[in-house]
Amino acid sequence: MADWNQQIIDEFRANGGTVATMGFGRGLVLVHHLGARTGTERVSPIANIREEDGSRLVAASKAGAPDNPAWYHNLLAHPDVTIETPEGEEQVHVTELTGAERDAAWERFKQMSDGFRSYEEKTTRTIPVLRLTPRAQGAGRTNAP
């Protein structure tokens, strides 16, 4: 998986945020996060939905695996992160959605791609949805690309 992620990251960076592989197009962000236990910086390509207010939604689907992806735990432990978007770098604060707000956001992912619907069918866990809200430039940046 690490090699596949690196290929996606390289393609994202080489093409200004456009990833032809698997039809991702401009639908990914590269999330820089610190390991919850190790503090090691990692970068994960993650599908996102852009909100009207400039925030982004990401779903911790892990392709329907029975557990959440490592980046999910890392973002909860260190919620102030940097993302690379097709438009450039942004500093964001991460919050987990709950209840009806989470459910409505998850429906948007399922409408965006049948893949998300199939992930839900493969697992018994509730797939978390996180909001990445832009922070003021220079405000408490904890890690950088």
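## Exercises on a predicted model

Strands β1 and β2 form a hairpin with six residues between them, and G39 in the turn has a positive phi of about 75°. Helices (H or I, at least four residues) and strands (E, at least two) are DSSP runs, numbered from the N terminus.

This is a predicted model, in which local features need pLDDT of at least 70 and side-chain atom pairs count only at pLDDT 80 or more, while totals for chains, interfaces and linings use all residues. Residues are numbered from 1 along each chain as its sequence is written, and side-chain values use heavy atoms, with hydrogens and water left out.

**Exercise 1. State which strands pair with β1, and in which sense.**

Step 1. Two strands pair if DSSP finds at least two bridges between them.
Step 2. Between β1 (residues 28-34) and β2 (residues 41-50) there are seven bridges, and the two run antiparallel. L28 is opposite A47 of β2.
Step 3. With β4 (residues 80-85), β1 has three bridges, again antiparallel. Here H32 has T82 as its bridge partner.

**Exercise 2. Sort the residues of β1 by the way they point, and say whether they are buried or exposed.**

Step 1. Buried means under 20% relative accessible area, exposed over 50%, and partly exposed in between (1.4 Å probe, protein chains only).
Step 2. In a regular strand the side chains alternate between the two faces of the sheet.
Step 3. L28, L30, H32 and L34 point one way, V29, V31 and H33 the other.
Step 4. Both sets are buried; that is seven of the seven residues of β1.

**Exercise 3. Describe the surroundings of E11 in helix α1 (residues 2-14).**

Step 1. E11 is buried but has no salt bridge (a side-chain nitrogen of Lys or Arg within 4 Å of a carboxyl oxygen of Asp or Glu).
Step 2. R26 is the nearest side chain of opposite charge, 11 Å away. Lys and Arg count as positive, Asp and Glu as negative; His and the chain ends are not counted.
Step 3. The E11 side chain makes a polar contact with that of T21, at 2.5 Å. Such a contact is a pair of N or O atoms within 3.5 Å; within protein, one must be able to donate a hydrogen and the other to accept it, and residues adjacent in sequence count only if both atoms are side-chain atoms.

**Exercise 4. Classify Q7 as buried or exposed.**

Step 1. Q7 also lies in helix α1.
Step 2. Q7 counts as exposed because its relative accessibility is 53%.
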